[in-house]
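Here are some short exercises to work through with the structure open beside you. Try each task before you read its solution.

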Amino acid sequence: MKLSAPELLPLLKQYFGYTSFRPLQEDIIRDALAGRDTFALLPTGGGKSLCFQLPALVRDGLTVVVSPLIALMKDQVDALQASGIAATFLNSSLAPGEGRARLRGLHNGEYRLLYVAPERLMLSGFLADLQRWNVQLIAIDEAHCISEWGHDFRPEYRQIAELRAHFPGVPFMALTATATGRVREDIITHLKLSEPKCYVASFNRPNLTYRVVAKNKPYDQLLDFLRSRPRDSGIVYCLSRKATESVAERLSADGVKARAYHAGLTPAERGTHQELFLRDNIRVVCATIAFGMGINKPNVRFVVHYDLPKNIEGYYQETGRAGRDGLPGECVLLFSAGDVVKQTSFIDDKTNPQERQIAREQLQQMVHYAECANCRRSELLAYFGEIFSADGCGACDNCLSPRATFDGTLAAQKMLSCVYRLREKNGFGVGLNHVVEVLTGADTEKIRKWGDQELSTYGIGREHSRPEWSAIGRELIRLGFLRQTTEKFSVLEITPAGRTALKERRSFTLTQPVAAPEATTRHVGEIACDEVLFERLRELRKRLADERDVPAYIVFSDVALRQMARNYPERERDFARISGVGEKKLREFGEVFLLEIAAHLLTNPRQMFADDSFTAPAARPSRLNETTQETLRRFRAGESVPQIAAAREITPGTVFGHLANALEAGEPVDLNQLVSAEAQAEIAGAFQRTGWGNIVGAREALGEKYEYGLLRVCRAAAAKK
């Protein structure tokens with residue numbers, strides 16, 4: 001089915017309140033309407049759901065959405081119904097009478113979308129029903145659950161592929177927010193997708209700030225963090241069920257409304273706690289990883305990992321629950337070496353050798369992320385095979401407050417020498433803990449049994465504590481001088497590079513361990529607005545949502561409220577321009593919100609937001625690096641961006657990133673060399689409408705006429721005026 005953009009856009013505005021698509025959405029939708037299998041990897045908040053929801057409105061028939069969580073089904077169906085879309089779900093939470101009523105509606109063709117759990121799909125009676133319901137598309141949400149290499153493998157997902165035999169002519173759509181190359185291949189193979197068109201969006205979430213903080217009295221650290229954000233809601237992820245309950249109880253006692261969420265609670269308890277959070281009746285959910293997959297609460301402002309996650313995929317998806325509305329979100333990981341030991345002990349308890357190997361590899365990658373001194377955004381994106389072209393993101397602890405380095409030559413030589421001599425003497429490798437015990441002169445049963453106290457490296461490292469030596473060892477692993485195996489027993493081995501460095505007495509510069517970061521005022525994606533009016537509109541939204549027995553964001557998102565509190569719409573046609581205002585919401589809520597805004601203006605003056613609240617990154621603590629200086633030199637000599645990119649064998653996006661970094665560091669850059677004065681004014685106008693931190697929104701408002709890199713340069717230039 002061929003539809004031109006103008007034919008899709010009216011539906012997008014009518015039902016969802018948006019005037020343009022996000023990156024890749026339109027292409028995915030067109031392929032689905034053309035009957036092609038598709039694979040879509042879009043980041044959390046990237047608009048995955050629209051990819052199957054809009055096609056369901058274009059043609060007759062039913063779109064079946066396979067979803068792993070009951071809460072996710074209810075959440076999305078509530079939102080669709082609030083927008084005037086006929087959708088339903090079938091799962092075990094329904095009373096018998098309610099389930100039968102929905103089945104009658106499906107038999108009568110009353111619904112466009114049906115959400116269902118994978119376990120129900122292959123029931124013989126249900127399969128027979130599906131074949132009578134004119135199924136036009138089968139969408140598999142959270143598709144990474146089908147892969148053993150994914151962070152949330154679910155065996156029941158494997159049976160979905162059997163639907164192929166029953167619906168040979170129906171297109172399949174697999175969607176996920178997180179998947180490495182290996183997981184992507186698994187998804188396509190196990191779902192038997194036929195020559196699928198694959199779409200992979202950027203994993204970058206520019207509105208999120210990433211920090212790793214040394215864990216020290218973690219509850220006090222958490223409480224201080226929450227008290228500094230008294231109006232914000234968020235999720236605190238803990239390793240154990242007991243920890244979620246303990247932390248939630250202590251927070252409640254200290255005046256922070258919180259509840260626990262874990263698989264040990266009854267379904268009713270989990271549902272109640274989740275509903276309290278979705279409706280803003282509590283601020284914090286303390287949860288295990290059982291909570292959150294697909295939860296569509298857009299105004300989660302922070303995610304705190306109280307304990308070390310098992311793997312980067314899980315960490316990325318959990319942090320991705322912050323800032324789904326495009327407004328700022330903070331992601332904080334409390335890290336200690338003790339957490340590594342805990343996770344390792346859990347891995348050692350696994351009986352399946354392959355599971356142990358996968359888990360060890362994943363944990364090593366997670367520890368590498370936590371301890372690295374590089375830009376955290378770059379590290380995350382690199383894990384998923386994406387290159388972050390800028391020199392630094394300006395929105396993680398390592399970019400905002402680079403950690404100190406020290407001359408670690410002697411320490412590195414001692415560590416490498418100890419690993420080498422232990423293998424030479426014993427004929428086998430040992431784990432990192434044993435190496436540390438030898439270096440610090442410990443008196444353990446293993447050391448006595450193997451006679452390792454006779455080694456020349458025994459006790460030569462007493463100047464460092466055991467945690468310090470462990471951190472040094474892990475950094476040498478990251479740097480490639482040591483290797484940690486992932487077989488049955490995890491042991492250290494010196495690499496060829498390590499042998500060479502030891503033999504040549506090479507010098508080493510090591511990084512100090514993570515510590516508490518300095519505060520920063522940067523809030524990427526913030527929309528400046530009348531904060532008094534925003535709070536007033538939030539209260540109105542809460543009342544309306546409670547009357548309808550739905551979460552507040554089903555009425556309007558925080559983004560919509562901030563636009564209202566910034567633009568002060570006076571008429572329906574002005575209100576209709578607000579993001580997320582479709583026809584049904586305009587009819588249902590337009591008048592009451594316009595009256596509230598008018599009442600506010602009777603006693604409060606309008607505020608002006610010409611410059612918005614975007615704060616450019618502070619000037620970098622060091623001079624521009626050599627590669628940025630070279631780009632700047634060529635640009636000032638009159639070379640164009642394509643010429644510089646070709647001459648230096650880099651992408652134009654990287655050139656734009658260098659120029660933006662130069663501006664942010666205080667260097668003058670002539671914007672007229674890049675773009676005309678008229679275009680500069682057009683770009684500035686788009687930023688003023690969408691917020692100076694919202695590059696994605698500005699580009700969409702401009703019809704994607706300008707590159708992201710150019711928009712970043714224009715924004716950096718405006719911040720310096």
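**Exercise 1.** Find which residue of β5 stands opposite Val65, and work out how β2 and β5 pair.

*Solution.* Keep in mind that this is a predicted model. Start at Val65: opposite this residue is Ala139 of β5. Next, look along both strands: β2 and β5 are paired in the parallel sense, over 5 bridges.

**Exercise 2.** Now find the pairing between β5 and β6, and decide how enclosed β5 is.

*Solution.* Strand β6 spans residues 172-176, and its pairing with β5 is parallel over 3 bridges. As a landmark, Ile140 has Ala174 of β6 opposite. Then consider burial, where a residue counts as buried if its relative accessible area is under 20%. In β5 (residues 135-140), 5 of the 6 residues are buried, so the strand is largely enclosed by the rest of the structure.

**Exercise 3.** Describe helix α5: its span, its buried residues and its exposed residues.

*Solution.* First, the span: α5 runs over residues 96-107, and its 12 residues reach 17 Å from first C-alpha to last, close to the expected 16 Å. Second, list the buried residues of α5, which are Gly99, Arg102, Gly105 and Leu106. These residues lie on the same side of α5, because they cover an arc of only 120 degrees around the axis. Third, turn to the other side of the helix, where Pro96, Arg100 and Arg104 are exposed.

**Exercise 4.** Which strands do the buried residues of α5 pack against, and what follows the helix?

*Solution.* The packing partners are β2 (62-66), β3 (87-90) and β4 (113-116). After α5 comes Gly109, with a positive phi near 70 degrees.

Conventions. Residues numbered from 1 in each chain as written. Predicted model: local features only at pLDDT ≥ 70, side-chain atom pairs only at ≥ 80, totals over all residues. Heavy atoms only, no water. Helix = DSSP H or I, 4+ residues; strand = E, 2+ residues; numbered from the N terminus. Expected span 1.5 Å × (residues − 1). Buried < 20%, exposed > 50% of the residue type's maximum accessible area, 1.4 Å probe, protein only. Arc of directions from axis to C-beta. Contact = heavy atoms within 4.5 Å. Pairing = 2+ DSSP bridges.
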